[in-house]
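Work through the exercises below with the sequence and the 3D view open. Each task is followed by a solution in steps.

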Amino acid sequence: MEDSSKNILVSIIVPVYNVGNCIHRCIQSIINQTYPNLEIILVNDGSTDNSGKIIDEYSLKDSRIKTLHKKNGGVTSARKSGWKLSHGEYCMFVDSDDFLQDDCIEFFLNCFNKTDCEIVTGWYDMVYDNEIVAVECKHILGLFNIEDYVQNSVKCINGFQSIWIGMFKSKLFCENIFEIDRSFFRGEDSTTFIGVLNNANHILVTSKIFYHYYQRDNSVTHVQPIELLYVLKLHELQYEIIKYKKYYAPILINTLLACYYKETDKDRKFGYKKKLKKVCLDNLPLEISLTAKIKIFFMKNPILEYLFRKFMDLVK
């Protein structure tokens, strides 16, 4: 790394909630980074276990660590509180049950030095109790303006990344980015990422596996089913963020279409599927994928959709 880069302060923000059994691994992975000039902000979001005590003990051992204890407000609220305390020119967000590759911050800073970008992303693997599973990196790699990046995301991963997927220039953030109601237990990571993308011009996409994503069986995203009413509210929030940038629309439509075909009894009872159909058709972008076109066709022709489902049940 160039000498001029060694003085750059990087803020690492970690929301902490009831992870006393695994937070040591997360914190140690940050402390052990090959790049040392860090500001490590650990935000205790009203934990009821020993997480708060653990992070305070770490702050006594390492002067780079700051701790904040707050009333429980959800992960986005904790990230916002940590961001408001931060002073780094660059920042990253790490969930407290996950952990980092020890050279990732140095890697990201080198990328920033070589390119004119405000965001550098990497990739991740899945960590289970007994194994680590590789995840195929489907993104097109390289330096992109934001519009091209979003269009590539439609083609490659059919959605948006999470806020922990890389490193950001801190100037991209503002309080409005974190104004997400805590009732959004799924999609808040990608919604925050959308807000940051809106403020950027260029992004560098790499295949660097730097983030180890721990899979907990009792995680909210694993055990709580998603309903169409929730999807509609999340879409409304995301559309409000990107309403003047039409190139985001294909991703939002693809998400709605995926959920449209996973209705529950409650969704049918309260007519959420009809509402979702109206939102899809009212906001249909000019360019959509072939898969999306097929789904729209069946959406407009429910009898054919029913017959197709019956046929597929017979051939299974």
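**Exercise 1. Find which residues make the nonpolar surface patch of about 530 Å², and which helix gives the largest share.**

Step 1. The model is a predicted one. Select F297, I303, L304, Y306 and L307, which together make the patch of about 530 Å².

Step 2. Turn to helix α13, residues 302-315, which supplies the largest share of the patch with 4 residues. Y306 is placed in this helix.

Step 3. Residues three or four places apart on an α-helix point the same way, because the helix has 3.6 residues a turn.

**Exercise 2. State how many residues the largest nonpolar core has, and which helix gives the most to it.**

Step 1. The largest nonpolar core has 63 residues.

Step 2. Mark the residues with the most contacts inside this core: V10, M92, I105, M167, F168, F173 and I203.

Step 3. Helix α4, residues 104-114, gives the most to the core, with 6 residues.

Step 4. Take F168 as an example. Setting aside residues up to four places away in sequence, F168 touches E89, Y90, C91, F112, E118, I119, I163, F173, F193 and V196.

**Exercise 3. Decide whether D95 is buried or exposed, and find the side chain that D95 joins in a polar contact.**

Step 1. Locate D95 in the loop between β4 (90-93) and β5 (99-100).

Step 2. The relative accessible area of D95 is 15%. Buried means under 20%, so D95 counts as buried.

Step 3. The side chains of D95 and R79 are joined by a polar contact of 3.0 Å.

Step 4. List the contacts of D95 beyond its neighbours within four places in sequence: V14, P15, C26, V75, R79, W164, D189 and Y211.

**Exercise 4. Identify which residues of helix α3 (residues 75-85) are buried, and what covers them.**

Step 1. The buried residues in α3 are T76, A78, R79, K80, S81, G82 and W83. R79, the polar partner of D95, is thus among the buried residues of this helix.

Step 2. The cover over the buried residues of α3 includes the strands β1 (10-16), β2 (38-45), β3 (65-70) and β4, together with helix α6 (188-198).

**Exercise 5. Describe the whole protein: how many helices and strands are there, and what percentage of residues count as buried?**

Step 1. The protein has 13 helices and 10 strands.

Step 2. Of its 316 residues, 50% count as buried.

Step 3. The protein exposes about 16,000 Å², with 52% supplied by carbon and sulfur atoms.

Step 4. Consider contacts between residues at least 6 apart in sequence: 80% of these join residues at least 24 apart.

Terms used:
Residues are numbered from 1 along each chain as its sequence is written. This is a predicted model: local features need pLDDT of at least 70, side-chain atom pairs count only at pLDDT 80 or more; totals for chains, interfaces and linings use all residues. Side-chain values use heavy atoms; hydrogens and water are left out. Helices (H or I, at least four residues) and strands (E, at least two) are DSSP runs, numbered from the N terminus. Buried means under 20% relative accessible area, exposed over 50%, partly exposed in between (1.4 Å probe, protein chains only). A polar contact is a pair of N or O atoms within 3.5 Å; within protein, one must be able to donate a hydrogen and the other to accept it, and residues adjacent in sequence count only if both atoms are side-chain atoms. Contact means heavy atoms within 4.5 Å. Patches are made of residues with over 30% relative accessible area and no salt bridge: like charges are joined within 9 Å, nonpolar side chains (Val, Leu, Ile, Met, Phe, Trp, Tyr) within 5 Å. Accessible areas come from the Shrake-Rupley method with a 1.4 Å probe; for residues, only the protein chains shown count as cover. A salt bridge is a side-chain nitrogen of Lys or Arg within 4 Å of a carboxyl oxygen of Asp or Glu. A nonpolar core is a set of buried Ala, Val, Leu, Ile, Met, Phe, Trp, Tyr and Cys residues joined through side-chain atoms within 4.5 Å.
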